[in-house]
Amino acid sequence: MPDFLLDGPPGAPTLLLAHGAGAAMDSPAMTALAAALAGAGLRVARFEFDYMASRRRGTGRKPPPRAEKVIPEYRAAVADLAAEGPVLIGGKSMGGRVASMIADELRAEGRVAGLVCLGYPFHPPAKPEQRRTAHLEHLATPALIFQGTRDPFGTRAEVAGYRLSERIELVWLEDGDHDLRPRKSVSGLTAADHLATVAARTAAFAAARA
């Protein structure tokens, strides 16, 4: 059973979040995200894939596996999560990608109501021809994707040419990078501004599925 980090009020809609490829579930970025979402009234449950948990245990620094390899771990986290209200799944970068790969199956089973991705890795940096979007073309699960306009894993200009399911709502965060952080000197916006947008939009998205 995974160890969950829980934030937010019990009984509220729950968002299960997986981390990105290189940062743990309690990284500063993930902690700030969870705090913002909890502040908007969501119950946030964070968990780690085994390769990241092994680093915490000091049993080796395993590299991130292919996304497909950790699908069983995400499914296990959904099964082990004790949630009182509706459940959304998602995550940062790789975590969100893994969630998106199983969202339709879990929704068909009545386990989840929606999907939330933060900084989706549409392609590897500098390799726009290697798209990770085939399953997103026919996604049936209601989904929110928050993306920075200058994310090297998929900029606004690049993603505009993709064929994506009409069930996906893309929320573009001005001047945001892969961690959704803008340059204040360029945009006049701060990371806190973007987190507030993420929290408010996600809370509304969850409420519509409660």
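This text considers the salt bridges of the structure and then its largest pocket. The model is predicted.

Side chains of opposite charge can pair when their charged atoms come close. In this structure there are 12 salt bridges, and several of them can be followed residue by residue.

A suitable place to begin is the pair formed by Arg-66 and Glu-68, whose side chains meet in a salt bridge with an N to O distance of 3.8 Å. This distance qualifies because the cut-off for a salt bridge is 4 Å between the nitrogen and the carboxyl oxygen. Arg-66 is exposed, since its relative accessible area of 59% lies over the limit of 50%. Glu-68, by contrast, has a relative accessibility of 36% and counts as partly exposed.

A second pair consists of Arg-75 and Glu-105, where the closest N and O atoms are 3.0 Å apart. Which parts of the chain does this pair link? Arg-75 belongs to helix α3, which covers residues 71–80, while Glu-105 belongs to helix α4, which covers residues 94–108. The two residues are 30 residues apart, and the bridge thus links distant parts of the chain. Both partners are partly exposed: the relative accessibility is 28% for Arg-75 and 45% for Glu-105. This pair also belongs to a network of salt bridges, in which Arg-75 and Glu-105 are linked with Glu-109 and Arg-111.

A third salt bridge joins the side chains of Arg-181 and Asp-179, with 3.2 Å from N to O. Arg-181 is partly exposed at a relative accessible area of 43%, and Asp-179 is likewise partly exposed, at 36%. Asp-179 leads to the next topic, the largest pocket.

Rolling a probe the size of a water molecule over the atoms shows where empty space is left. The largest pocket holds about 320 Å³ of space. Its lining is made up of 19 residues, and those closest to the centre are Ala-29, Met-30, Leu-33, Lys-92 and Asp-179. Asp-179 therefore has two roles in this description, as a partner of Arg-181 in a salt bridge and as a residue of the pocket lining.

Which elements give two or more residues to this lining? They are helix α1, residues 28–39, and helix α7, residues 191–207. The largest share, 5 residues, comes from α1. As for chemical character, the lining divides into 11 nonpolar, 5 polar and 3 charged residues.

Definitions and conventions: Residues numbered from 1 in each chain as written. Predicted model: local features only at pLDDT ≥ 70, side-chain atom pairs only at ≥ 80, totals over all residues. Heavy atoms only, no water. Buried < 20%, exposed > 50% of the residue type's maximum accessible area, 1.4 Å probe, protein only. Helix = DSSP H or I, 4+ residues; strand = E, 2+ residues; numbered from the N terminus. 1 Å grid on protein atoms, 1.4 Å probe; cavity = no way out; pocket = protein on both sides within 12 Å on 5 of 7 lines; lining within 4 Å. Points joined across faces, edges and corners; volume = space filled by probe spheres on them. Nonpolar A, V, L, I, M, F, W, Y, C, P; charged D, E, K, R; others polar.
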